[in-house]
Amino acid sequence: MLFGGEPTLNMTIITAICNIVFNKLKKKIRIGIITNLVCSKETIRKLITIAKKNNLEITCSVDGPQCINDKNRIFKNGKGSYSIVNRNIKLIVENNIDIFVECTYTKAHIDENISIVDLLKHFYSEYGIRRTHIAFDINLIDADDLYWEKMVKYYIEAIDYCFNKNEKDNLTFSFLERILSVLYFNEVIEAICPAIENDIAVDINGKYFPCFMLYNNQKYEFSTVKELREHRKSIFNLHFNKTHSECLNCWVRKFCFGCAASDCLLGDSFNKKHCYFIKKIVTQCLLRVLEKTLNIPFMELANCTNNS
């Protein structure tokens, strides 16, 4: 995965990496790039050429419609970046290249009354993207409880929307897919975040980190891959097998997911708000699955849950 900062600022390096991996080493691996796509048309044309030649997977960080993105992602002069990002995503889509979206849900969304469903609809109507990764800003954990409750409500509404959709509006988001993969395919991942098991982040100085979220943090910096692998489990000890004391006998343990790197940065303590969030959305998924499987009205199932 190529990330930054902003990786498209150095297209020469991106071209060289793809050339080494695919032409010289001839490895059958995937290379992805996470970019904000705030770049010139010339840079986008280069990125499109590389993507077509090497099957480069492009993920764009964009926070939704202009009213939100231009609050969260601005230039030094105070102007928003949405118009450039919007243009560049459409250029990529027009060239028949798949593009993924990572969206961070923030207080700004809640202030503007923009829900998770609104975001799903926006990314589909603008770019034809049916699956979106929408993760909440970790700062919401420390925000006023009203913000947190509203955010949880919006995620629950999104689950209902996805279950009630028809094939024409077949939209989804990664949190929902993660829960359903456990239910339908028993794809249980012991680590709270699958990335902490295998990911290695490398900076421009050749230093290694267990996750890109911990980039430029000396506490998590290693000189060799071997050294990193030897210390990985000790860094993420509580997250590999979800071994916080509160987690061991929790009914939602097999579904639980989150960001281990964020937890490290927040002090690695057990987070009751995150636990509450996971239980709420998993419960909603289970009720919706039972409704479809047993053909029992949703409200009847919900009342049984509330009374138990």
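The points below describe a predicted model, beginning with the chain as a whole and moving on to its sheet, its aromatic rings and two single residues.

1. Overall make-up. The protein chain holds 14 helices and seven strands. Of its 308 residues, 43% are buried, and among the contacts between residues at least 6 apart in sequence, 66% join residues at least 24 apart.

2. The sheet. Five strands form an open sheet in the order β1-β2-β3-β4-β5, and their pairing is parallel. The edges are taken by β1 (32-35) and β5 (172-173), each of which pairs on one side only. As background, strands of a sheet pair through backbone hydrogen bonds, either parallel or antiparallel.

3. From β1 to β2. These two strands pair in the parallel sense over four bridges, and within this pairing threonine 35 has cysteine 60 of β2 as its bridge partner. Together with helix α2 (residues 41-54), β1 and β2 make a β-α-β unit that is right-handed. Strand β2 itself (residues 57-61) is mostly covered, given that four of its five residues are buried.

4. From β2 to β3. The next step across the sheet is again parallel, with four bridges joining β2 to β3. A reader who wishes to locate this pairing in the model can start from threonine 59, whose bridge partner in β3 is phenylalanine 100.

5. From β3 to β4. Strand β4 (residues 131-136) pairs with β3 in the parallel sense, over four bridges. Along this pairing, threonine 104 has alanine 135 of β4 as its bridge partner, while tyrosine 105 stands opposite phenylalanine 136 in β4.

6. The two faces of β4, and its other neighbours. In a regular strand the side chains alternate between the two faces of the sheet. In β4, the covered face carries Thr132, Ile134 and Phe136, whereas Arg131, His133 and Ala135 belong to the uncovered one. Two bridges join β4 to β5, and these strands run parallel; here arginine 131 has threonine 172 in β5 as its bridge partner. Helix α8 lies across β4 and β5, and its direction is at about 100° to β4.

7. Aromatic pairs. How many aromatic pairs does a search of the whole structure find? The search finds 13. In one of them, the rings of tyrosine 105 and tyrosine 154 have their centres 6.4 Å apart and their planes at 80°, and the pair is edge-to-face because an angle over 60 degrees counts as such. This pair links distant parts of the chain, with tyrosine 105 in strand β3 (residues 99-105) and tyrosine 154 in helix α7 (residues 145-164), 49 residues apart. Both tyrosine 105 and tyrosine 154 are buried.

8. A second pair, and a cluster. Phenylalanine 209 and tyrosine 215 also form an edge-to-face pair, at 5.7 Å centre to centre and with 65° between the planes. Their surroundings can be stated separately: phenylalanine 209 is buried, with a relative accessible area of 0%, whereas tyrosine 215, at 33% relative accessibility, counts as partly exposed. One aromatic cluster is formed by Tyr105, Phe136, Trp148, Tyr154, Tyr155, Phe173, Phe175, Phe257 and Phe277; two of these members, tyrosine 105 and phenylalanine 136, have already appeared opposite each other in the pairing of β3 with β4.

9. A lysine over a ring. Lysine 107 lies over the face of tyrosine 147, at a distance of 4.7 Å from the ring centre.

10. Serine 181. Is this residue buried or exposed? Serine 181 counts as buried because its relative accessibility is 12%, which falls under the 20% limit. Serine 181 is found in helix α8 (residues 174-185), the helix that lies across β4 and β5. When residues up to four places away in sequence are not counted, serine 181 touches Asn186 and Glu187.

11. Asparagine 69. This residue has its place in helix α3 (residues 66-72) and is buried, with a relative accessible area of 0%. Which residues does asparagine 69 touch, not counting those up to four places away in sequence? The contacts are with Val62, Asp63, Gly64, Ser81 and Tyr82.

Technical notes:
Residues are numbered from 1 along each chain as its sequence is written. This is a predicted model: local features need pLDDT of at least 70, side-chain atom pairs count only at pLDDT 80 or more; totals for chains, interfaces and linings use all residues. Side-chain values use heavy atoms; hydrogens and water are left out. Buried means under 20% relative accessible area, exposed over 50%, partly exposed in between (1.4 Å probe, protein chains only). Contact means heavy atoms within 4.5 Å. Rings of Phe, Tyr and Trp (its six-membered ring) pair if their centres lie within 6.5 Å; planes under 30 degrees apart count as stacked, over 60 as edge-to-face and the rest as tilted. A charge sits over a ring if NZ of Lys or CZ of Arg is within 6 Å of the ring centre and within 35 degrees of the ring normal. Two strands pair if DSSP finds at least two bridges between them. Axes are lines fitted to C-alpha atoms, for helices over the stretch in contact, and angles run from 0 to 180 degrees between N-to-C directions. A crossover is right-handed if, with the strands pointing away from the viewer, the path from the first strand over the helix to the second runs clockwise.
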